[in-house]
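Here are my notes on the model you sent, set out as numbered points. Please read them with the structure open beside the text.

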Amino acid sequence: MTMDFKEFDKDDDSDSDSMNYSSDELSTEEEHEDDVSANDEAKNDGEDSNSSEDEDEVVRAIKAEKNKPRDHPPTINTEDFIVDICFHPCRNLIALANIVGDILLYEYNNDETKLVNCLELHMEACRDVEFDNEGSVMYSTAKDKVIMATDVETGKLKQCYEKAHDDPVYKLFSLDINKFVTGDDAGIVKLWDLRQKDPIFTLKIGEDYISDIITNEAQKYLVCAGGDGTLTSIDLKASKIYTASEQYEAELTCLGLFRSETKLLVGTSVGKFYLFNWKQFGYHSDEYVGQKHSIQCMIPITQNIVVSSGEDGIIRAAHMFPQRQLGIVGQHTLPVECLDISHDGQYIASSSHNDDIKFWNISYFESIDSLINVNEKQNKRKDMSNNLPSSTVKNASDFFSGLL
């Protein structure tokens, strides 16, 4: 409801002409009024001064936050749903794969994000986009079952594999400048070489989609997470299955390596993490409840810290050794689909169902990692709600604690 406010002048009811004062009486009265007025003004000045001091402190605090130099690139908003994102391994460049089959390339810095190329590569929704280790080739795959290798500098197609799988490819992982691995919706994994037309090997490792693929620097074993709840490792040199874990009740959604690649962390659709020792993929060595909602994506930040997100749109950081929540890195209003970390380790980017890509400066984690006390008692409730420096939402209690 809209209300109109009007300003009214208050009439002065006193009639100076109806009252007679002598000059002495008038002088005395005026002096008295001046004294009262002076006292009132002094009082009001004091109150205004105190009020001004309080207000100025709040304003200063707000301005201090606003005037801090920007430490991360601005948000990218897109017209179409973003399925996957990938940072370039050497440059300030990020690739966005969308639901209409296009790949968008953006350059970024703390002041702006600039669209530098839009590649219309696929006829159907993209599923994954990845750069090779040197950043010269960009791989992409889509629901159209096509795999493409594109030259990053020229935007020209280097290789195209039509009908690469019988089912849509869900995940792609680059091994080196020529080799990459793909996993589809039906549990088929294929190893490819750009110098060959046909895959090096094809293995059936499960009955559901391949959600994530990872290997370590030695690249002897390739580990695949499945929607059927099974973790399967492949001996790359022998081109055969190495081990298969017991079947877990939840979908295995994402993978990450820690502790100099000796520990493998697996996220699940029920918000739980499973920890495996590398080469011991049959059964987990530890488990950890990360959140109540599905963990859709994770990214290792240090040898001990992981950032993850999923259905609730909240990006959380956790220290795995010892296991404890560190706080909230950032927030989206809708579920987060994917995460990635920049080549210099300064930023992570997150993509949500809002068709937005947000950047978060996470350089502070290096110092936080060294401060974790193994013997310190954890306050889980406080840690879960704590907002880290990159978060756009600040705790009210923290903000006003220095003002009261």
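In what order do the four strands of the open sheet stand, and in which sense do they pair? The points below begin with that sheet, and the model they describe is a predicted one.

1. The open sheet has the strand order 1-28-27-26, and its pairing is antiparallel. Strand 1 (76-77) and strand 26 occupy the edges with a single partner strand each, so that one side of each is left without a neighbour in the sheet.

2. At one of these edges, strand 1 is joined to strand 28 by two bridges, the two strands running antiparallel. Within this pairing N77 lies opposite D356 of strand 28, and D356 also appears among the residues touched by H332, to which I return in point 6.

3. Strand 28 (residues 356-361) pairs in turn with strand 27, again in the antiparallel sense, over five bridges. I348 is placed opposite W360 of strand 28 in this register. The hairpin formed by strands 27 and 28 has three residues between the strands, and D355 adopts a positive phi near 60 degrees there.

4. On its other flank, strand 27 pairs with strand 26 (residues 336-341), antiparallel and over five bridges, with V336 standing opposite S352 of strand 27. These two strands also make a hairpin, here with five residues between them, and in its turn G345 has a positive phi of about 75 degrees. The two turn residues with positive phi, G345 and D355, could usefully be viewed together.

5. How many of the residues of strand 27 are buried? Six of the six residues in strand 27 (residues 347-352) are buried, so the strand is largely enclosed by the rest of the structure. The burial applies to both faces, since Y347, A349 and S351 point one way while I348, S350 and S352 point the other way, and all are buried.

6. H332, which belongs to the loop between strand 25 (323-331) and strand 26, deserves a separate look. With a relative accessibility of 7%, H332 counts as buried. Its side chain forms a polar contact of 2.7 Å with the side chain of S350 and another, of 3.2 Å, with the side chain of S352; S350 and S352 point to the same side of strand 27, together with I348. Leaving aside residues up to four places away in sequence, H332 touches D312, G313, I315, S350, S352, D356, K358 and W360.

7. Turning to internal space, the model contains two cavities of 30 Å³ or more. The largest holds about 40 Å³ of space and is lined by I205, G206, D208, I210, C224, A225, G226, D228, T230 and T232. Strand 15 (residues 221-226) supplies the largest share of this lining, namely three residues. By class, the lining of the largest cavity consists of four nonpolar, four polar and two charged residues.

8. For the second largest cavity the volume is likewise about 40 Å³, and the lining is made up of F273, G290, Q291, S308, R316, A318 and Q325. Here the classes come to two nonpolar, four polar and one charged residues.

9. In summary, I would ask that any description of this region keep three points together: the antiparallel sheet in the order 1-28-27-26, the burial of six of the six residues of strand 27, and the polar contacts that the side chain of H332 makes with the side chains of S350 and S352.

Terms used
Residues numbered from 1 in each chain as written. Predicted model: local features only at pLDDT ≥ 70, side-chain atom pairs only at ≥ 80, totals over all residues. Heavy atoms only, no water. 1 Å grid on protein atoms, 1.4 Å probe; cavity = no way out; pocket = protein on both sides within 12 Å on 5 of 7 lines; lining within 4 Å. Points joined across faces, edges and corners; volume = space filled by probe spheres on them. Nonpolar A, V, L, I, M, F, W, Y, C, P; charged D, E, K, R; others polar. Buried < 20%, exposed > 50% of the residue type's maximum accessible area, 1.4 Å probe, protein only. Pairing = 2+ DSSP bridges. Polar contact = N/O pair within 3.5 Å; in protein donor to acceptor, adjacent residues only side chain to side chain. Contact = heavy atoms within 4.5 Å.
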